[in-house]
Amino acid sequence: MKCASVIALTMLGLSTSCDGQNKTGLAKADKPDAYNMNWKIGEYRPPNVHTETSAGGITIQNSYPKGDAYEDSNGKKYGVAVFWSRVINETSRPLEFKINFSADTVGNLSSPDVFIKLFLPADTMSLDKTSLYGYGIDDLRTFLDHDLNKPTGFERIIEPGGECPFYVLAIREQIPNVGSEGRRPGLHPPNGGVTRTALVLEGKDLFYKVSIGPNTALIPCGQINIRN
């Protein structure tokens, strides 16, 4: 069974520098549920964090999904799950963060009717959007109209004490009669369960994990290197 994926970002080969503001030593939020941009790892986490891993001074956070829907120009309907991931550099050196993907579907989820594409649009993600609908992503329809089948990737430098938050979209063809079942838009597999995803770092290699119910795909997607 074919296994591939796509994450759509700004442009293939684009190199930018992410936020280098140092978060360490800053005050935590006054209330546990208050949003505080100057949070410190171990003291406060932004809302909607599903997983958080940290190794070698590199922390990666991945969110829960928020549902949406999309219909293309031919009337074909899709469920959309909006995620965000966040790479935080707690080392003393800059990180080279690289992701590259094809435009193929993820198709090794042990189910013949589960075919998903992953995208990460160019919209700027920030933590003050975590409480908004779709995490505040802008103009979703325009992005999908133009980039639904395009392979893309990016390269960024994350300075010491800096971070790189970004959106991820998981798209699949909408199953019939979802509306009549009273279910919200999004990815609802026929066998139950809701999609979960995560950016995973193993050594220097990055993988993107997609889980639907008991089925999981792990897709190679790039690297993180610490500069000398």
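# Close-up views of a predicted model

**View 1. Here we look at the loop between E7 and H1.** Asp 139 lies in this loop, which runs between E7 and H1. Strands (E, at least two residues) and helices (H or I, at least four residues) are DSSP runs, numbered from the N terminus. You're looking at a predicted model, in which local features need pLDDT of at least 70 and side-chain atom pairs count only at pLDDT 80 or more, while totals for chains, interfaces and linings use all residues. Residues are numbered from 1 along each chain as its sequence is written, and side-chain values use heavy atoms, with hydrogens and water left out. Most residues other than glycine have a negative phi. Asp 139 isn't a glycine, yet its phi is positive, at about 50°. Tyr 135 is found in the loop between E7 and H1 too, and its phi is also positive, near 55°. Are these two residues buried or exposed? Buried means under 20% relative accessible area, exposed means over 50%, and partly exposed is in between (1.4 Å probe, protein chains only). Tyr 135 counts as buried because its relative accessibility is 0%, whereas Asp 139 counts as exposed because its value is 52%.

**View 2. Next comes the whole chain, for orientation.** The chain has 1 helix and 12 strands, and along the sequence they follow the pattern β-β-β-β-β-β-β-α-β-β-β-β-β. Of its 228 residues, 48% count as buried. The chain exposes about 10800 Å², with 49% of that supplied by carbon and sulfur atoms; these areas come from the Shrake-Rupley method with a 1.4 Å probe, and for residues only the protein chains shown count as cover. Contact means heavy atoms within 4.5 Å. Take the contacts with a separation of 6 or more: residues 24 or more positions apart account for 68% of them.

**View 3. Now for the largest nonpolar core.** A nonpolar core is a set of buried Ala, Val, Leu, Ile, Met, Phe, Trp, Tyr and Cys residues joined through side-chain atoms within 4.5 Å. Which of the 46 residues in this one touch the most other members? They are Val 87, Phe 97, Leu 144, Leu 169 and Leu 199. Val 87 sits in strand E5 (residues 77-89), and it counts as buried because its relative accessibility is 0%. Leaving aside neighbours within four places in sequence, Val 87 has contacts that include Ile 58, Ile 60, Phe 97, Phe 166 and Leu 199. The C-alpha atoms of Val 87 and Phe 97 are 8.8 Å apart, with their positions 10 residues apart along the chain. With the same neighbours left out, Phe 97 is in contact with residues including Val 87, Phe 154, Arg 156, Phe 166, Leu 199 and Leu 206.

**View 4. Here are E10, E11 and E12, side by side in sequence order.** Two strands pair if DSSP finds at least two bridges between them. Strand E10 (residues 196-202) runs antiparallel to E11, and 7 bridges join them. One of the residues to spot is Arg 196, whose bridge partner in E11 is Ser 211. The hairpin of E10 and E11 has 2 residues between the strands, and Gly 203 takes a positive phi near 70° there. E11 is also joined to strand E12 (residues 215-226), by 8 bridges, and these strands run antiparallel as well. Leu 206 stands opposite Gly 222 in E12. In the hairpin of E11 and E12, again with 2 residues between the strands, Gly 213 has a positive phi near 60°. Why is strand E11 described as largely enclosed by the rest of the structure? Because 6 of its 8 residues (205-212) are buried.

**View 5. Finally, look at the aromatic rings.** Rings of Phe, Tyr and Trp (its six-membered ring) pair if their centres lie within 6.5 Å; planes under 30 degrees apart count as stacked, over 60 as edge-to-face and the rest as tilted. That rule gives 6 aromatic pairs. Tyr 70 and Tyr 78 make a tilted pair, 5.8 Å centre to centre with 35° between the planes, and both of these residues are buried. Phe 119 and Phe 143 are edge-to-face, at 6.0 Å centre to centre and 85° between the planes. This pair links distant parts of the chain: Phe 119 is in strand E7 (residues 116-119) and Phe 143 is in helix H1 (residues 140-147), 24 residues apart. Phe 119 is buried, with a relative accessible area of 0%, and Phe 143 counts as buried at 11%. Phe 97, Phe 154 and Phe 166 form one aromatic cluster. A charge sits over a ring if NZ of Lys or CZ of Arg is within 6 Å of the ring centre and within 35 degrees of the ring normal. Arg 156 lies over the face of Phe 154, at 4.5 Å from the ring centre.
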